[in-house]
Amino acid sequence: MNNAQHFWNTMFANEEEYLYGTQPNAYIQMQTHRLKPNSRILCLAEGEGRNALHLAQLGHTISSIDASSVALQKQKRLLQSHGYTIDALHQDLEHWQPQPHAFDAIATSFMHLPKPLLSKVLQHSVVTLKSDALFIGEFFSIKQLGYSSGGPKDSQKLYTIEDFAHYQEGIEFIELKEEIVHLSEGKGHQGEASVIRVLFKKLG
Ligand SMILES: C[S@@+](CC[C@H](N)C(=O)[O-])C[C@H]1O[C@@H](n2cnc3c(N)ncnc32)[C@H](O)[C@@H]1O
């Protein structure tokens, strides 16, 4: 088990509690109107399953990837308790082998990876999306170091607009913005936060 897996298994260890709650991330929820009915959606670094549950409740078919075995157990339990199943893959994104043209959308919130890995995961995301498919993501910005509402304290895992903007090949940004929002997501994310909201479409 590597350090990230151990860290997140410990963070999610309380079986009675969902660290970021069971309601979906607000940005992902805000963008769901763009999804085609019965979409096949991949939730990256999905944690305890709150986004997966919301998307399943909207009628979509959900796959997920996360490095934490504890997170995956909680995802499965959360979805099953509402009558849904999830195809959950226990994997460090470092080793992700994307299936080409497989998904209608990717949804991810607060996937904080070292920048070289973020770069690889964004490239793999484009590979695994179908034409016209969407990437919907919310991340803490580097300015989050000045806030106490959650997120890593490691500048190598916090992002700028430029960390996303230089990807242009094969995609079109619909929205890419940094803003101050109010988070109310379990006990893990509470209060004012500086986030980057990323929405792009894979081109034909
Ligand atoms: C801040 S939590 C966010 C969880 C979820 N997306 C949410 O918003 O509720 C970060 C998640 O990223 C996962 N993660 C961190 N590094 C990872 C990696 N290298 N590969 C796969 N998952 C990773 C953790 O296990 C954890 O579930």
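Colleague: Which radius of gyration does the chain have, and what would a compact globule with 204 residues have?
Modeller: The chain has 16 Å, which agrees with the value near 17 Å for a compact globule of 204 residues; the radius is taken over C-alpha atoms, and the globule rule is 2.2 Å times the number of residues to the power 0.38. This is a predicted model, where local features need pLDDT of at least 70 and side-chain atom pairs count only at pLDDT 80 or more, while totals for chains, interfaces and linings use all residues. Residues are numbered from 1 along each chain as its sequence is written.

Colleague: How many helices and strands are there in the chain?
Modeller: The chain has six helices and seven strands, taken as DSSP runs numbered from the N terminus (helices H or I, at least four residues; strands E, at least two).

Colleague: At what angle do α3 and α4 pack?
Modeller: Helix α3 (residues 50-57) packs against helix α4 (residues 69-81) at about 30 degrees, and their axes are 9 Å apart, with axes fitted to C-alpha atoms over the stretch in contact and angles running from 0 to 180 degrees between N-to-C directions.

Colleague: And which residues make the contact?
Modeller: Ala52, Leu53 and Ala56 of α3 meet Gln75, Leu78 and Leu79 of α4, where contact means C-beta atoms, placed from the backbone, within 7 Å.

Colleague: Switching topic, how many residues surround the ligand?
Modeller: There are 19, and the closest are Trp8, Ala45, Gly47, Ala67 and Ser68, counting a residue if its C-beta atom, placed from the backbone, lies within 6 Å.

How values were computed. Contact = placed C-beta atoms within 7 Å.
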